[in-house]
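I set out to look up the pockets and the aromatic pairs of one structure. My entries follow in the order in which I made them.

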Amino acid sequence: MGVVYRGYVTVERDEQRGYEIVRTPNQATVAFLICVSAHARVPYPHRTRFDRHDGNVILITQPRPPMVSPEHPDGAVIDVPGERLDKPHLTIKQHVVEGAREEVGVRIDDDDLVVVLNDQRPLSASPGLLTERTYLAYAEVRPDAVAGDQEEFGLRKEGERIKRLIVPAREFCKMPCETMAAWGLQQWFLRYLHSDDPVGCFD
């Protein structure tokens, strides 16, 4: 394999077989869905199917240069929050906690529900090209965990301009998605909402 380009990512090319690989520096990210509900922390045996519908989810919109198109001239698409797993001393769940605070102003406490889905296995968005994999996670918090005095978030030193969107859970379930992570979490959330055994959705 020969290196064709080296920058934030590295592009390698196999001259004999003619394929290229894009290697990302940290290899993994976590994308997460946060549900804001007055029923958060209520033990599962005492929840009803209606309880799980009665809440909001937190989405984001952020300018993404690769997504610039006639439909999105600034590259801004609706997505779920995410965090690069670039701190070896933190677990995936701890990255979710940190990302929620930085990206959308949500405080996740120790007794809040945070779970890594898909049996804690990462998913590849483009296995024929990218080495990067993404974990999917879900969190539930109470309404008082959401900062109400701020609209834009993100690390300014990294040029992030993230706008938080608070969407009713019922509306989120019907929305067309613009990223694979958002679609995957939406489909899992639908299963969770309609399951007679919600705890089993976390296995």
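**Pockets and rings**

I began with the second largest pocket, whose lining residues divide into 3 nonpolar, 1 polar and 5 charged. I note that the model is a predicted one. I then looked up the volume of the second largest pocket, which is about 170 Å³. Its lining consists of Lys93, Gln94, Val97, Glu98, Ile108, Asp109, Asp110, Asp112 and Val114. I asked which element gives the largest share of this lining. The element is α2, with 4 residues.

Next I turned to the largest pocket, which holds about 1,700 Å³ of space. I found 44 residues in its lining, and the closest to the centre are Thr29, Arg64, Asp79, Arg84 and Glu132. By class, I recorded 21 nonpolar, 9 polar and 14 charged residues for the lining of the largest pocket.

I also looked up where along the chain the lining of the largest pocket comes from. Among the strands that each supply at least two residues are β4 (28-36), β5 (56-63), β6 (76-79) and β7 (82-84). Strands β9 (123-124) and β10 (133-141) each do so too, as do the helices α2 (92-104) and α4 (180-194). The largest share, 4 residues, comes from α4.

I then moved on to the aromatic rings. How many aromatic pairs does the structure hold? I found 6 of them. In one pair, Tyr138 and Trp188 lie 4.8 Å apart from centre to centre, with 50° between the planes, and the pair is tilted. Tyr138 belongs to strand β10 and Trp188 to helix α4, so this pair ties together parts that are 50 residues apart in sequence.

Are these two residues buried or exposed? Tyr138 has 0% relative accessibility and therefore counts as buried. Trp188 is also buried, with a relative accessible area of 10%.

A further entry concerns Phe172 and Phe189. Their ring centres are 6.0 Å apart and their planes stand at 55°, so I recorded the pair as tilted. Phe172 lies in helix α3 (residues 169-172) and Phe189 in helix α4, so the pair ties together parts that are 17 residues apart in sequence. Both Phe172 and Phe189 are buried.

Last, I asked which residues the ring pairs link into a cluster. The cluster contains Tyr138, Phe172, Trp188, Phe189 and Tyr192.

Terms used: Residues numbered from 1 in each chain as written. Predicted model: local features only at pLDDT ≥ 70, side-chain atom pairs only at ≥ 80, totals over all residues. Heavy atoms only, no water. 1 Å grid on protein atoms, 1.4 Å probe; cavity = no way out; pocket = protein on both sides within 12 Å on 5 of 7 lines; lining within 4 Å. Points joined across faces, edges and corners; volume = space filled by probe spheres on them. Nonpolar A, V, L, I, M, F, W, Y, C, P; charged D, E, K, R; others polar. Phe/Tyr/Trp six-rings, centres within 6.5 Å; stacked < 30°, edge-to-face > 60°. Buried < 20%, exposed > 50% of the residue type's maximum accessible area, 1.4 Å probe, protein only.
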